[in-house]
Amino acid sequence: DLEASEQEGREYIMHLDKMAGLRKNRASLAEWAYTSNITQENEAKRIQVQLELSKQEKQAWEETKMYRWQDFQDFSLRRMFKKYSQLGVSALPDDKYKLLMQSVSDMESNYATAKICSFKNESKCDLALEPDITEIFAKSQDPDELKHTWVEWHRAAGARARNNFTQYVELDNEAAKLNGYKDVAEWWQSEYEVKDFEEQLAKLWEDVKPLYQQLHAYVRKRLRDKYGEHIVSARGPIPAHLLGNMWAQTWNNIESFTRPYPDKKEIDITKTMKEQNYTALRMFQMSDEFFRSLNLTAMPEKFWQNSIIEKPTDREIVCHASAWDFYDGEDFRIKMCTSVTMEHLRVVHHEMGHVQYYLQYKDRPVIFRAGANPGFHEAVGDTIALSVSSPKHLRRVGLVKGDADDEQTEINQLYKMGIDKIVFLPFAYVLDLFRYGVFRGSTTPEDYNCHYWSLRDSLQGIEPPVNRTEEDFDAAAKYHVSADVEYARYYVSFIIQFQFHRALCQLAGEYEPEDPNKKLVDCDIYQSVNAGNALSTMLRLGSSRPWADAMEALTGQRKMDAGGLLEYFRPLHDWLAAENMRTGEYVGWEPSKMQYC
Ligand SMILES: C=C(C[SeH])C(=O)N1CCC[C@H]1C(=O)O
Ligand SMILES: [Zn+2]
């Protein structure tokens, strides 16, 4: 009868979950071995392990079909079966599975090992993305050097990935269909468990766009003042190579010469960190201490033993920062080629946020050891970093000297946060709007670059520094496109982290809507056990409940909304609108005159 099969189902699924934990542990170890030592041998081993595990997953999946789990009474049991009924890419036949793994592995290793020649010294051709190219984009103010570096990186990491990418799209779409989805776009969006996910993304963009347009106009003016209007036009998009970042996804590296009140004291945290002999380890210990101050969990001993926090000199590794769960309840790691900069201090907190989430849900069934939705996992560390980046906290830890701030310093601070957080949203939106089109087939390989730049132009107001053709494939010059990592998770994260931050600040007594002495921009939840306990309650849920329940546990809200972000940046929005009015800067942009279609 139904009762027996539900009890049998429970015993079966708990056994399956334990086996899945062992499989995931083996897979993570093989993946770690490869990405922390990129060799043909380790790549072959990783694919071999993946193939073995996919066979075991397929077998387990067949067994789940014997249970009528849809009729079970127990919500969690039904949810576990529902998740295990999703086989994933293992649904592909072995030969296609291997081909798919090989295509993605080739793209990712190409990206990780790509080198280009220096602009200043053409015979020096060993420049890597981290730290060399990243440093050029952070420091150089020579448009020709930036253009050369941009073009060379997009050739080496983008164009070269085009054929593998096309094969990956075909095979991944086949896997999607075997899982009951029309295409990978629908499969990716199913992770958010709402019917109108894409409409919600569009609505969020409508809410934030006016603020972005004001910030874009202001920055374009300041860049035109600096580089001249033969390089930066008065009414067009901003050339992508002048924004301090290879992908123009955050503009924090141009803060020093574009901030609203230049005569206010310089708060160059990177310089101060170097003066104070900060090391990668100290940055990680600082982050660990922040989480512990909230009564959250300390990094376990194995974390400090097994993590790789500096770029090795004797081998090639995937430098793109990542956090790892080995699903055995005690082995958690970060792999990162850390530089001593303010930007990497934020990334350290971002990655430590992932590990804190792993620690909070480590006693859940393996299948529930995931974010409430992928955006939640990306938001934890960033939410903490919003407190760490506050002038109050930076003063507390001695990275900023001097007295409390005045109105102008506050605008400078909001500007600094805005060129990191506001400008990221259209970048993130474009990356997956582009890939949704590719997976749906509305964007064909012949149109890849044209469609990518059309979206970059219309949504981000960015244009390529040189004309582009279909010989290029600029989207793959971004890690997540070459590594098959979905990106809407970051768009969601940059919205909900402000909802989380606002709730935590209220719980910490750091923020009161009507109290001018308790402004959101000054909030630092450091040492607030009250805030930490509420955050822990949400994180411990993992993916055991629909994400609206998790969000409600912390914020009282059940939907994503841009209100938190817009409230945080309200004073900046007002200042930018007034400033663009004062200078007569055109708000918005006309289509680019560069050729890319
Ligand atoms: C730090 C990570 C690893 Se999950 C990352 O990829 N991030 C963090 C924020 C945006 C995105 C990026 O670098 O593109
Ligand atoms: Zn992340």
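Where is the place of Phe-137? Select Phe-137 and you land in helix 5. Helices here are DSSP runs of H or I with at least four residues, strands are runs of E with at least two, and both are numbered from the N terminus.

Before we move on, a word about what's on your screen. This is a predicted model, in which local features need pLDDT of at least 70 and side-chain atom pairs count only at pLDDT 80 or more, while totals for chains, interfaces and linings use all residues. Residues are numbered from 1 along each chain as its sequence is written, chains are lettered from A and ligands numbered from 1 in the order in which they are written, and side-chain values use heavy atoms, with hydrogens and water left out.

**Stop 1: Phe-137 and helix 5**

Stay on Phe-137. Its relative accessibility is 4%, so Phe-137 counts as buried. (Buried means under 20% relative accessible area, exposed means over 50%, and partly exposed is in between, using a 1.4 Å probe and protein chains only.) Now add Asn-245: 108 residues separate it from Phe-137 in sequence, yet the two are 5.6 Å apart in space, C-alpha to C-alpha. Contact means heavy atoms within 4.5 Å. Leaving aside neighbours within four places in sequence, the contacts of Phe-137 include Leu-146, Trp-150, His-241, Asn-245 and Met-246.

Next, select the whole of helix 5, residues 129–139. Its buried residues are Leu-129, Glu-130, Ile-133, Ile-136 and Phe-137. Look down the helix axis: those buried residues fall within an arc of 160°, so they line one face of the helix. The arc is that of the directions from the helix axis to the C-beta atoms. What covers these residues? Helix 4 (94–113), helix 6 (143–158) and helix 13 are included in the cover.

While you're here, click on Glu-130 and Pro-131. A cis peptide bond joins the two, with omega about 0°. Pro-131 has its place in helix 5.

**Stop 2: Ile-116**

Step back to the loop between helix 4 and helix 5, where you'll find Ile-116. Buried or exposed, at 1% relative accessibility? Ile-116 counts as buried. Leaving aside neighbours within four places in sequence, its contacts include Lys-124, Leu-127, Ile-133, Thr-149 and Trp-153. Add His-148 too: it is 32 residues from Ile-116 in sequence and 9.9 Å away in space, C-alpha to C-alpha.

**Stop 3: the nonpolar cores**

In soluble globular proteins, nonpolar side chains tend to be buried together. A nonpolar core is a set of buried Ala, Val, Leu, Ile, Met, Phe, Trp, Tyr and Cys residues joined through side-chain atoms within 4.5 Å. The largest one has 170 residues, and Trp-153, Val-219, Leu-223, Trp-251, Phe-376 and Phe-569 touch the most other members. Then select Tyr-67, Leu-77, Phe-81 and Phe-368, which are among the 16 residues of a second, separate core.

**Stop 4: the zinc ion and ligand 1**

Select ligand 2, the zinc ion. Which protein donors does it have? They are His-350 (NE2), His-354 (NE2) and Glu-378 (OE), lying 1.9 to 2.0 Å from the ion. Donors are N, O and S atoms within 2.8 Å of the metal (3.2 Å for Na, K and Ca), and water is not among the atoms, so sites may look incomplete. In sequence, the donor residues are spaced H-x3-H-x23-E. His-350 sits in helix 13 (residues 342–360) and Glu-378 in helix 14 (residues 374–388), 28 residues apart. Both His-350 and Glu-378 are buried.

Now switch to ligand 1. The residues around it include His-350, His-354, Glu-378, Phe-424 and His-480; to be near the ligand, a residue needs a heavy atom within 4 Å of it. Zoom in on three side chains. Lys-478 has a polar side-chain atom 2.8 Å from an oxygen atom of ligand 1, an N or O atom in the side chain of Tyr-487 is 2.5 Å from a ligand oxygen atom, and for Tyr-490 the distance from a polar side-chain atom to a ligand oxygen atom is 3.3 Å.

**Stop 5: a backbone oddity**

Finish at Asp-484, in the loop between helix 19 (479–482) and helix 20 (488–507). Its phi is near 55°, a positive value in a residue other than glycine. Asp-484 counts as partly exposed, at 28% relative accessibility.

Note on methods:
Polar contact = N/O pair within 3.5 Å; in protein donor to acceptor, adjacent residues only side chain to side chain.
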